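This report is meant for a reader who is meeting the structure for the first time. It goes through charged pairs, strands, aromatic rings and the nonpolar core in turn.

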Amino acid sequence: RHHVLRLRFMETTGPVRSEGLGVQRGTSNYFLGNDPAQWAANVHAFSAVVQHGLYPGIDLRWRQGGEVLKYDLVVAPGADPARVLFTYDGAHGMRLVDGRLVVATSLGDLIDEVPLAYQLVNGVQQRVDCRYHLKNNRVSLAVGRYDPGLELVIDPALSFSSYSGSTAD
């Protein structure tokens, strides 16, 4: 059994520029199908990939967090985190439970935990209140008081509430 779910950011300003950070050791090769134009050799892996300009002044950073793929929204000074809007294509429904975004699938629920938001103030991480807002299967972020002159990082945490059968999810 499987279920396809796609996190899709909406009303982006695109196109974005992707940048790999932290080149990992070793390379991989991909020889898929019979068309050599579709093959790739000596492909590097990175510890993070940043998609610059998802929204004005807001970048999307993908990284590995333990056994799972994580993403952060990096909000530059002066940018508006209220611009972020996303949905999960393929979801059977979404609801908010105790501040967490619960995404229903045929295999169980995916949970977007209450997002951790923070700023570095004089080298010290200061928490910022952040919560999801859900309307018509569109998710936005409500951010509490923070210093708009400093970078803001919003770090959602995805988890499955039932056994998914793989660490590749």
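## Charged pairs and their network

A network of salt bridges links Arg-61, Arg-63, Lys-70, Asp-72 and Asp-155. The model in which this network appears is a predicted one, and a search of the whole of it finds nine salt bridges. Side chains of opposite charge can pair when their charged atoms come close.

Within the network, the side chains of Asp-72 and Arg-61 meet in a salt bridge with an N to O distance of 2.9 Å. Asp-72 belongs to strand 5 and Arg-61 to strand 4, so this pair ties together parts that lie 11 residues apart in sequence. The two partners can be described by their accessibility: Asp-72 has a relative accessibility of 1% and therefore counts as buried, while Arg-61, with a relative accessible area of 23%, is partly exposed.

Two further salt bridges can be described in similar terms. Asp-89 pairs with Arg-8, and the closest N and O atoms are 2.7 Å apart. Because Asp-89 lies in strand 6 and Arg-8 in strand 1, the pair ties together parts that are 81 residues apart in sequence. Asp-89 is partly exposed at a relative accessible area of 25%, and Arg-8 is partly exposed at 28%.

Glu-11 forms a salt bridge with Arg-138, in which the closest N and O atoms are 2.7 Å apart. This pair links distant parts of the chain, with Glu-11 in the loop between strand 1 and strand 2 (17–30) and Arg-138 in strand 13, 127 residues apart. Glu-11 counts as exposed at 54% relative accessibility, whereas Arg-138 is partly exposed, with a relative accessible area of 31%.

The three salt bridges described here are set out below.

| Salt bridge | Closest N to O distance | Separation in sequence |
|---|---|---|
| Asp-72 and Arg-61 | 2.9 Å | 11 residues |
| Asp-89 and Arg-8 | 2.7 Å | 81 residues |
| Glu-11 and Arg-138 | 2.7 Å | 127 residues |

## Strands and hairpins

How do strand 2 and strand 3 pair? They run in the antiparallel sense, and nine bridges join them; in strand 3, Val-50 is the bridge partner of Glu-19. Strand 3 is also joined to strand 4 by five bridges, and these two strands run antiparallel, with Gln-51 standing opposite Leu-60 in strand 4. Strand 3 and strand 4 make up a hairpin with two residues between the strands, where Gly-57 takes a positive phi near 75°.

Further along the chain, strand 7 (residues 93–97) pairs with strand 8 (residues 100–105) in the antiparallel sense over five bridges. The bridge partner of Met-94 in strand 8 is Val-103. These two strands form a hairpin with two residues between them, and Asp-98 in its turn has a positive phi of about 50°.

## Aromatic rings

The structure holds six aromatic pairs. One of them is formed by Phe-9 and Phe-86, a tilted pair with 5.8 Å from centre to centre and 55° between the planes. Phe-9 lies in strand 1 (residues 6–9) and Phe-86 in strand 6 (residues 85–89), so the pair ties together parts that are 77 residues apart in sequence. Both Phe-9 and Phe-86 are buried.

The rings of Trp-62 and Tyr-71 have centres 5.4 Å apart and planes at 50°, so this pair is tilted. Trp-62 counts as partly exposed at 25% relative accessibility, whereas Tyr-71 is buried, with a relative accessible area of 1%. Ring pairs join Phe-9, Trp-62, Tyr-71, Phe-86, Tyr-88 and Tyr-132 into a cluster.

## The nonpolar core

In soluble globular proteins, nonpolar side chains tend to be buried together. Here the largest nonpolar core has 26 residues, and those with the most contacts inside it are Phe-9, Leu-73, Val-84, Phe-86, Tyr-88, Leu-101 and Ile-154. Among the elements that give two or more residues to this core are strand 3 (40–55), strand 4 (58–65), strand 5 (68–75), strand 6 and strand 8.

Which residues does Phe-9 touch, leaving aside those up to four places away in sequence? They are Leu-54, Tyr-55, Leu-60, Tyr-71, Leu-73, Val-84, Leu-85 and Phe-86. Phe-9 thus appears both in the ring cluster and among the residues with the most contacts inside the largest core.

Notes: Residues are numbered from 1 along each chain as its sequence is written. This is a predicted model: local features need pLDDT of at least 70, side-chain atom pairs count only at pLDDT 80 or more; totals for chains, interfaces and linings use all residues. Side-chain values use heavy atoms; hydrogens and water are left out. Two strands pair if DSSP finds at least two bridges between them. Helices (H or I, at least four residues) and strands (E, at least two) are DSSP runs, numbered from the N terminus. Rings of Phe, Tyr and Trp (its six-membered ring) pair if their centres lie within 6.5 Å; planes under 30 degrees apart count as stacked, over 60 as edge-to-face and the rest as tilted. Buried means under 20% relative accessible area, exposed over 50%, partly exposed in between (1.4 Å probe, protein chains only). A nonpolar core is a set of buried Ala, Val, Leu, Ile, Met, Phe, Trp, Tyr and Cys residues joined through side-chain atoms within 4.5 Å. Contact means heavy atoms within 4.5 Å. A salt bridge is a side-chain nitrogen of Lys or Arg within 4 Å of a carboxyl oxygen of Asp or Glu.
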